[in-house]
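Biologist: I'm new to this structure and would like a close look at one part of it. Please start with one small detail and work outwards from there.

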Amino acid sequence: MAIPIIRTEQLTKSYGPFTALNGIDIDVYSGEIHALLGDNGAGKSTLIKLLSGVHSPTSGKIFVSGVETEFRSPVDASKAGVGTVFQDLALNPLMSVTRNFFMGRERHRGPGPFGILDFAGMDEITHAEMRKIGINISDPRQAVGTMSGGQRQTLAIARAIYFGARVLILDEPTSALGQKQQMEVLRTMMSVRSRGDIAIIFITHNETHSKLVADRYTFLALGEVIGRGTREELKGEDIRHLMAGGVEIGDLSRELAQF
Ligand SMILES: Nc1ncnc2c1ncn2[C@@H]1O[C@H](COP(=O)(O)OP(=O)(O)O)[C@@H](O)[C@H]1O
Ligand SMILES: [Mg+2]
């Protein structure tokens, strides 16, 4: 089997005396959408923070394409090809699509050590990169504030990929959106998947969304992996059961029926 682009071995993170993640083993492959599911407090955000260099693990290892790697900062993770789209998207709604796309990484042209900003070139790249993943923005100089929530997600994803992400971590990308825009984001994810050279880690609460796109699943509860499997291996009720942290939904519905 292929070498996973990201592998963790017994990854553990404690905040003081509290262990938020305990011995996590996870494999993520290029060209796949790997859904990371779990209830609030399961440790999903903590795991992402370790994979994106925001925090260091208390113990355990991270391997990138088979090589043990230590991320001391988000810059390290980014250089290793891990691009994370956090829930706030890190976009400025008052600035243009292009300015947001290049934020802090502007292209220059002309002589001298800095030259002048190459706006035409940056507009062209922004337009082309957005188009590649399925969104045709008429004017890359329009303010991000005029875009739909789904388009903003897509902008953040296109930007991460253009700047070298080979592992794309999406933290609840569909959760704050209306129905139609959720589908737009899922479509963007499938379009990225179809390139075949990028792994997507899809953090979600939404069982339906995970079933629409995921190739592989890992379920977390209280800081531990409580289940995993491929799309073929997991049936609908397994997913629902594991999503609930292994609690029997049947018991809960019987209990609720008493009221
Ligand atoms: N900085 C922190 N300090 C102390 N406890 C934290 C910190 N961040 C998260 N936790 C705790 O770790 C557990 C896992 O949190 P988190 O990773 O945010 O879960 P999820 O994203 O799955 O909801 C929770 O019990 C949370 O309260
Ligand atoms: Mg979280």
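Modeller: Let's start with a facing pair: Phe 63 stands opposite Glu 68, a residue of E5. Before going further, this is a predicted model, where local features need pLDDT of at least 70 and side-chain atom pairs count only at pLDDT 80 or more, while totals for chains, interfaces and linings use all residues. Residues are numbered from 1 along each chain as its sequence is written, chains are lettered from A and ligands numbered from 1 in the order in which they are written, and side-chain values use heavy atoms, with hydrogens and water left out.

Back to our pair. Strand E4 (residues 59-64) and E5 run antiparallel, joined by three bridges. Strands here are DSSP E runs of at least two residues, helices are H or I runs of at least four, and both are numbered from the N terminus. Two strands pair if DSSP finds at least two bridges between them.

Zoom out a little, and E4 and E5 turn out to belong to an open, antiparallel sheet of four strands, ordered E2-E1-E4-E5. At its edges sit E2 and strand E5 (67-69), each pairing on one side only. From one strand to the next, the twist averages 30°. For such angles, axes are lines fitted to C-alpha atoms (for helices, over the stretch in contact), and the angle between N-to-C directions runs from 0 to 180 degrees.

Now look for helix H1. It lies across strand E1 (6-15), E2 and E4, and its direction makes about 115° with E1; contact means heavy atoms within 4.5 Å. H1 also lies across strand E3 (33-37), E6, E9, E10 and strand E11 (216-221), running at about 150° to E9.

Those strands take us to the other open sheet, six strands with mixed pairing in the order E6-E9-E10-E3-E11-E12. Strand E6 (82-85) and strand E12 (224-230) are its edges, with a partner on one side only. Here the twist averages 15° between one strand and the next. Inside it, strand E9 (residues 167-171) and strand E10 (residues 199-204) pair in the parallel sense over five bridges, and Ile 169 has Ile 201 in E10 as its bridge partner. Helix H6 (residues 179-193) packs on this sheet too, touching E3, E9 and E10, at about 155° to the direction of E10. E11 and E12, by contrast, are antiparallel and joined by six bridges. Their hairpin has two residues between the strands, and Leu 222 there takes a positive phi near 45°.

H1 leads to ligand 1 as well. Strand E2 (18-28) and helix H1 (44-51) each supply at least two residues of the ligand's shell, and H1 gives the largest share, three residues. The residues around ligand 1 include Tyr 15, Phe 18, Asp 39, Gly 41, Lys 44, Ser 45 and Thr 46; a residue is near when one of its heavy atoms lies within 4 Å. Oxygen atoms of ligand 1 make polar contacts (pairs of N or O atoms within 3.5 Å): one lies 2.7 Å from a polar backbone atom of Gly 41, one lies 2.9 Å from a backbone N or O atom of Lys 44, and one lies 2.9 Å from a polar side-chain atom of Ser 45. Taken alone, ligand 1 exposes 560 Å², and the protein buries 60% of that, using Shrake-Rupley areas with a 1.4 Å probe.

How values were computed. A polar contact is a pair of N or O atoms within 3.5 Å; within protein, one must be able to donate a hydrogen and the other to accept it, and residues adjacent in sequence count only if both atoms are side-chain atoms.
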